[in-house]
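Me: I've got a structure to look at and I keep tripping over the vocabulary. Can we go through it together?

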Amino acid sequence: MKLKVKEEQCSGCNVCRVVCTLQNFGAVQPSQALLRIKGRFPEPGTYQIAYCNQCGDCADACPEDAIKEKNGEYNIDYDLCTQCLLCVDSCPLEVMVVTEAGYPAKCTGCGKCVKLCPRQAVLADRDARGS
Amino acid sequence: MLYGYAGKILKIDLSSGKHSIENTPQKLAEEYLGGRGFVARLLYDMIEPGIDPLGPKNVVVIATGPLSGHLLPGSGKTHFGALSPATGGYGDSNLGGHFGPNLKYAGYDCLILTGAADRLSTLVIDNDKIEIFAEDKLQGRGAIEAEKDLKDRLGEEFQILTIGPAGENRVVYACISHDFGRQAGRTGVAAVLGSKNIKAIAVRGSGNIPVFNPKAAQKKGEEMYKVCFSKPGFKTWTPYGTASITGWANEVGAFPTRNFQTSYADFHHKINGQAIIDRLLVTDKGCFGCPTPCGKYGYTKTAVGSAYVEGPEYESIATLGGSCCLEEIEEVAYANYVCDQLGLDTISAGVVVSFAIECFEKGVLSAEDAGREISFGSLEDVVYLLEKIAAREGIGAILADGVKTAAAAFEGGSEKYAIHVKGLEWSGYECRNAPGMMLSYMTADVGAHHNRSWALGYDVSQSDADVSELIEAGAGGPMEISSPDGKVDHVISMQHSRPLYDTLGICRLQTMEIGFETIHYEEVFELIAGRKITWQEMLFISERIWQLTRQFNVKHIEGFGRSWDYPPERFMEEPVASGPNKGRFIERKILDNMLDEYYEKRGWDENGVPKPETLAYFRLV
Ligand code: SF4
Ligand code: SF4
């Protein structure tokens, strides 16, 4: 599932981030979430959501061709990954993380954040291919 | 392994700058759960009788609960406590936001501060790295300003607590601020931080919290959110947040107005939840894990000043709007903003200011005493008094110690206008036709605070309806006289259920406001912690904590007992001036009977002191 956001609806609860790490890493650890929420306070009182828009820069950066596109979504083939982490550095939105085992991780399009966001601030991009 | 908990307690001696880390004792977790339970037990064990609440021997405990930081509704709460400089007894307060969850991700269930730093400092907890650095630059700076400064310096991931000038100057109702609009407001824990020279505490937590069965806990957590989404109040209550009760509080004659001279404000429709949406709102803003964000972040513009501000929530509307008679929502919001920057609890501050204005109106204070003429309904006068208080200047030096102490200093019959219990100012519900709510305020461990028991709905409707149902039903005609019968049991039961949320580290509003069922907490607790404990068993723990905080007051307040449990004379002698409860008050003998019954049911003697067998039953001796 490709994501889109309506930042003006976000209330900063971070539910998306907690469910993200439970789903992807089996842990309650929002610092490892594959999307980020930034509150801009005291002014102008808005939230920014950094999320993977499947731009593919990570795939371009990978020297091993370990990140492959399928239906508009990029996924990491961990059999090919050599842990160089060039992909993580290349992510323009800084929404890739390094796992405890030293592997890169990116949004898998699982859609849990979309299902659980109480504000419908993270949404499925229905216009995108493969969603 | 203590699943659900971070597993460690961080103890910092500010005098030496040294810290130590110990395991969270299993027994403490089993007998007191967390949050408020940890605060009460640790303070009881650590604080010697006879110490100065504003001296280095006081202790500050900041505690999360077993459910804080997990995937479940309202898991963002943190509890704070110390020997209260406002009451001299047990003091605690709670806030939402993101601090507590991040303290747990950093590895700590609880933070204990002893001693005092030798100069104004910021404490930084960056996972396992603990640092204390001098903070001269932030001296005298507003609480929100200071938070912004630290966020810019340390980084966005840090969650920050700050105090304002009021805390630095040890105003006994100074509040701790966090997340640009969340406060641990009550009982003056921020003044204790100020006395310890702590301007700010920043935490970054990058780790995880161990969960017994992560897959099942995730599934249950997801289900809990979906249950919240399905409640009618999810859609009807959330847009207005706590301010949604303003109209109802007026319809039933419970809205403190003109320093509680009356319980109805004819301008209430101008300062309610709708007014916030129409005239202030920029965004809804919630705590960590919240499905129903009650924070209404907005922008206010007045003749006195303009500002971005979170709120006002209901309590601030009641005390700054009702009690000080600020008739426009922009004015209430601006006074709220001034309190937030100065680091003053809006509840106590509003009541103290309205007390001073009534004293002036009744001739107890002259213009010379007050520094100028002051009147109800003037934002300029409210801001003037708030600034004097925070700086402890002129009349503010006396008002900074709260209405009880100020009335003793002003004399002239002013104790009649001092609306408090145990030295803590009354929060936003007038009770002269609400015996259950009155008893709730009288017997709350920290003083006149509504969060321990909110029996007003029961006084009005004789039912357990949640707040969105009460609002939906309205007053339903003229107010009948509310009988004291059956109220004692209801108050006792609420004094266990409401503080239990503070013990678990979660928000109670999903239950209280939109009817989310408690069985879910019981179920998720088992999956997270790997042990079963029923809600009923948790309520027993909450009762144990209630007994402990009472005993804390007996231990620390000289002569503590029954005489500390009465409301101000105004509520027992003076008829309500106007509105739905015009002419009513509750005679002292009715309250005496309720107290007798309450003490007996609590296992306390006729002076309100826990009997030895009661303490033994709860394993407190
Ligand atoms: S779950 Fe939704 S509302 Fe909450 S922080 Fe994420 S995007 Fe914002
Ligand atoms: S209802 Fe309000 S106080 Fe409770 S968790 Fe949500 S935002 Fe925080």
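Me: What share of the 621 residues of chain B counts as buried?

Reply: In this predicted model, 68% of the residues of chain B count as buried. To get that label, a residue needs under 20% relative accessible area.

Me: And why is Asp13(B) called partly exposed?

Reply: Its relative accessibility is 27%. Buried would need under 20% and exposed over 50%, so Asp13(B) lands in between and counts as partly exposed. You'll find Asp13(B) in strand E1, residues 8–13 of chain B.

Me: What does Asp13(B) touch, leaving out residues up to four places away in sequence?

Reply: Lys18(B), Thr114(B) and Gly115(B). Also, the C-alpha atoms of Asp13(B) and Leu113(B) are 6.1 Å apart, though 100 residues separate the two along the chain.

Me: How do you know that Glu147(B) has no salt bridge?

Reply: Check the distance: the nearest side chain of opposite charge, Lys151(B), is 5.3 Å away. A salt bridge has to be within 4 Å, so Glu147(B) has none, even though Glu147(B) is buried. Glu147(B) sits in helix H4, residues 143–154 of chain B.

Me: What makes chain B as compact as a globular protein of its length?

Reply: Chain B has 27 helices and 17 strands. Its radius of gyration is 22 Å, and the globule rule gives 25 Å for 621 residues. Those values are close, so chain B counts as that compact. Its C-alpha atoms fill a box of roughly 60 × 55 × 50 Å along the principal axes.

Technical notes:
Residues numbered from 1 in each chain as written. Chains lettered and ligands numbered in written order. Predicted model: local features only at pLDDT ≥ 70, side-chain atom pairs only at ≥ 80, totals over all residues. Heavy atoms only, no water. Helix = DSSP H or I, 4+ residues; strand = E, 2+ residues; numbered from the N terminus. Buried < 20%, exposed > 50% of the residue type's maximum accessible area, 1.4 Å probe, protein only. Contact = heavy atoms within 4.5 Å. Lys, Arg positive; Asp, Glu negative; His and termini not counted. Rg over C-alpha atoms; globule rule 2.2 N^0.38 Å.
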